[in-house]
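Here is a quick tour for someone meeting this structure for the first time. Take a look at the chain, then read on.

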Amino acid sequence: SEVEVFYVKSGCCVASVEGNYVPLKEGDCLVIRPFVRHGMTVDAKVPYTLAQVEYTMTYSTEYADGISILNTNMSYVKLDNCQNICNIITNISRYYRQSPITDLVQTQIELSMAQLMLELSYHLDLRNQNLKHDKELNKHVQMILNYLNEHYEEDLNIEEIAEKFSISSRYLRRIFEKEIGMSCNNYITCVRIGKAKELLWN
């Protein structure tokens, strides 16, 4: 099973994955399946650091049943509060930088990847238990992010956005800080900069 794992070590960003906007803040993790189109929008004023690992893992099917991250059919999974995953990814990176990659180092990499898959599965199971509680808030945030990404060229202001979604501007500010880790205005600026970069690259 091949996966790409992003861990936000510091700062915040918003991943664009198959047309969905996924807010990520410090301690969050994003697991993406192969060939899934994705990108990142970041606040240029706030430094951020990502740890990333991409790996094809071979495993025995008798063990795979207990590893939920390997059995999910979702193209991506966002996991919250995964601080202990950072150390595992750091160890994997350290092993990869060793030269030459001996049998012992290869075994360390494979064991660390297995540990990473177990830890991700633990967090996925926790997330699934709490999913019902967070579903309505996530739906609201997703709708607002979609709106901002579709209307970024317009003159947007917090009061009008809040009114459009029948919430107070204070609540809008609060959910942006809590769920996305940056202000609504900073997010709009990041989207505009990201879209301008895309135009320059094309």
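A word on exposure comes up a lot here: buried means under 20% relative accessible area, exposed means over 50%, and partly exposed is in between (1.4 Å probe, protein chains only). By that yardstick, E154 is partly exposed because its relative accessibility is 40%. This is a predicted model, where local features need pLDDT of at least 70 and side-chain atom pairs count only at pLDDT 80 or more, while totals for chains, interfaces and linings use all residues. Residues are numbered from 1 along each chain as its sequence is written, and side-chain values use heavy atoms, leaving out hydrogens and water.

**Salt bridges**

How many salt bridges does the structure hold? There are three, a salt bridge being a side-chain nitrogen of Lys or Arg within 4 Å of a carboxyl oxygen of Asp or Glu. Here they are, with the distance between the closest N and O atoms:

| Acidic partner | Basic partner | Closest N and O atoms |
|---|---|---|
| D28 | K78 | 3.9 Å |
| D80 | K78 | 3.5 Å |
| E159 | R173 | 3.8 Å |

E159 sits in helix 5 and R173 in helix 6 (residues 169–180), so this pair ties together parts that are 14 residues apart in sequence. Helices (H or I, at least four residues) and strands (E, at least two) are DSSP runs, numbered from the N terminus. E159 counts as partly exposed at 46% relative accessibility, and R173 is partly exposed too, with a relative accessible area of 41%. Through shared partners, salt bridges join D28, K78 and D80 into one network. Within that trio, D28 and K78 are both buried, whereas D80 is partly exposed at 38% relative accessibility.

**Unusual backbone spots**

Most residues other than glycine have a negative phi, and most peptide bonds are trans. Now for some departures. E18 is not a glycine, yet its phi is positive, at about 50 degrees. You'll find E18 in the loop between strand 2 (12–17) and strand 3 (20–25), and it is partly exposed at 48% relative accessibility.

F35 is not a glycine either, and has a positive phi of about 65 degrees. It belongs to the loop between strand 4 (29–32) and strand 5 (38–42). Is F35 buried or exposed? It is exposed, because its relative accessible area is 86%.

Then there's the peptide bond joining S99 and P100: it is cis, with omega about -5 degrees. P100 lies in the loop between helix 3 (83–97) and helix 4.
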